[in-house]
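Please walk me through this structure, beginning with how its helices and strands are arranged and ending with its cysteines.

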Amino acid sequence: MIKDLKYFLFLIIFPFIISCSGGGGGGGSSADCGTICSSGGYLTEYNNQEGLALIGASTANDAGYTGSGVNVAVVDTGIDASHSEFGHLGISGTSFGDGIGYDANTDQNGHGTHVASIIAGRRDGNGMRGVAYDSNLFSYRLYAGSNISFSLSDSVWANMVDTHRSQNIDVSNNSWGSSSIEINEVTTSDITSSYGNAVTAYQNAVSAGTIFVWATGNNYGTQPSWQSGMPYRISGIESGWLAVMAVDHNLQETNYTQRCGLAKDWCVAAPGGGLASDESSGVYAAQANGTYVRLSGTSMAAPHVTGLVSTVVDRFPSLSASAIRNRILTTATYSGLKDTSGNLATSLSTSQREAIFGKGLVTYSAATSTIGSLQYVTGNNYYNSNDIIDLNNEKLKIPSLLAHNSNILNDKFTVFDSFDGANFELSGREIFDNQISTTNLLSFENNTKITSFSKKNSKFYHPSFISQGANTSISSTDFWGDKAGFISESNSILRNQISNINYNIIDKEHFNMSHFYQVQNNKKDNSIDGYGLRIISDFENLSLLSSLSNTSNNLNFSINDHSISNIDQDNFEYGAIYNINDNFDLFYRERQSYLSQTDPSTNNFGLSNGQMSTRTFGVTLKSTENDFNLAFGIFDPDQITEGTISFYKVAGRSPDGSIYYEEVSYDPNTASYSPFFISFEKGISENLDLNFSLQQSAYYQNEIDQGVIRLSYDY
């Protein structure tokens, strides 16, 4: 039985020495500290505590993650709350066991103060600072006076652990444990028969979300203390357990640390100072008398990890405690680590390096990096949603009516790591596929079929023609002829086969007024999809067109092609063709459309007070003798020019996976120049034609949006 064992600190106390010896390793150095400690006393303060660079603390702090709002318990000798390193904190204090009768916010020994300052020492440009200097400290004092040992009964221990739950402790630092008994020397029965209540309390606390960080011990053993290795014998606590062994400022295993051993699956490495016999190589941190001291031990390594855990909790508030712990373990690295003989960890076998270093050195940048693939969610819950878009395999789509909208592309969007659902932010440029054509292909090809009726000028209102094709602007196809292929039309408008029925109202030699309506082919009902009025005036060399219409179109405003919006359009179209001679003409066409409102969703962009427009100006050259056509000109793509674009974008998620959204609005954003087009068609034989077309990108002046070479054969 181990009920009456005494426990004392993993600590060798050294005389007070101030030294500024430098550190190094995987977490960065003072040279790349970042903005949080870039000048004056802040840089000196950062450099004084070499362990900060080794775990990349400045990366966390520069990003704004300082442990704010995270509750951290320091189970130790107390904390000297009067020390200047804690002047910014209101430390909550509770005493247990031998600490009863002593103020938890005092520290006659100094060990707890030193540990606490490594976690949360103030960033004030003086002395040193902690990893998570804005975290909320809770002092759990177990020691009497200046003693370095204490006794702990099962009931007291259980009460202390239960207090973690009642005070909502996120991370608990435990730089204490058995000095002589390792985890391989006890059985499950030994622990549960002596400390059954404490075991239950730990199981409950872990279930409630507390992460317990433990020093492995300072006896240079191959196994950790039984407390830090407890999950090897006790079920239900491993998901909230981290054991910490110590490396020096050069990332070499120290000559005092107990190795990870049987705790390898939940054990990591962190800076604990140098040789126990070398006072100048210890971790520089607060002393209880208001000054500073360098100390070495796994007691110093553990609070580095506790502070790092606090910054990761701050960074990922939606992750559970077990997910935070798993992320830290998964991203730990062996890079740069050496054993006491100087062998690189990467040169050792897997079992050898795990037995020493567990999962490896922890760093903030690794712990907060992407582990799996990034995903965008459109459903209600991350864990049971089928509406997940894996951005490694596909990107979201911006409807071509909105394509290249810099307001959307520059916005930030929340995505999730498939490994654990950790949230990250990417710009719209990173998650949207913006390399899409904004308009349909420009060419001479005209697939519209026109069936004309005989003229009956004497009749006031009579059918004129029926045209059939896929062009939603089909009402004007008979006017534009083969130029209809040069009219810009957004790919967001779903192309359907439409029959356009035209009725003449006035039909004179140089003037025509007609009424038309459109019906989508293959519909189950006879509902009308569009109607309007058109006027054509012909002069000697000039033809003019004007048209008013209302059309109902299916528009794809979806980010993933999952849904379609039906939008009514009020259109005003006008244009002209000027024939210079039989082989040369100029043409201009413009359309303004006013769109009905469509509501946003988690899959679709919405639009209110929307207007879109398109313009085309071109030149056509024809040669009947040589059987070729050449057209070139400039155009404005068919896009939204006015209105408010809206969207429900992911804002984050709750720990249970519930997704919450925020409605955002964007102004339209159009091209700053008019791109060019050119198309050439040459008859090769009676039935064979060659067509070559180029269209400049509407948003990248040095790029071609579309380029096509096509052979057409008429059977």
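Before the helices are placed against the strands, one term has to be fixed: contact here means that heavy atoms lie within 4.5 Å. The model is a predicted one, and what follows describes that prediction.

The sheet gives the frame for the rest. Seven strands make up an open sheet, with the order E3-E4-E2-E6-E7-E8-E9 and parallel pairing. Its edges are formed by strand E3 (92-95) and strand E9 (267-271), each of which pairs on one side only. On average, neighbouring strands of this sheet are turned by 25° against each other, when direction is ignored.

At the E3 edge, the pairing can be followed residue by residue: E3 runs parallel to strand E4, residues 136-141, and four bridges join the two. Within this pairing, Thr94 stands opposite Tyr140 in E4.

Helices then lie against the strands. Helix H4, residues 111-120, lies across strand E2 (71-76), E4 and strand E6 (171-174), and runs at about 155° to E2. Helix H6, residues 188-208, also packs on the sheet, where it touches strand E7 (211-215) and strand E8 (241-247), and its direction makes about 125° with that of E7.

Turning to the cysteines, how many disulfides does a search of the whole structure find? The search finds one, and it joins Cys260 to Cys267 with an S to S distance of 2.1 Å. The torsion about the S-S bond of Cys260 and Cys267 is about -65°, and the disulfide is therefore left-handed. Cys260 and Cys267 are both buried, and residue 267 also falls within the range of edge strand E9 (267-271).

Definitions and conventions. Residues numbered from 1 in each chain as written. Predicted model: local features only at pLDDT ≥ 70, side-chain atom pairs only at ≥ 80, totals over all residues. Heavy atoms only, no water. Pairing = 2+ DSSP bridges. Axes fitted to C-alpha atoms, helices over the stretch in contact; angles between N-to-C directions. Disulfide = S-S within 2.5 Å. Buried < 20%, exposed > 50% of the residue type's maximum accessible area, 1.4 Å probe, protein only.
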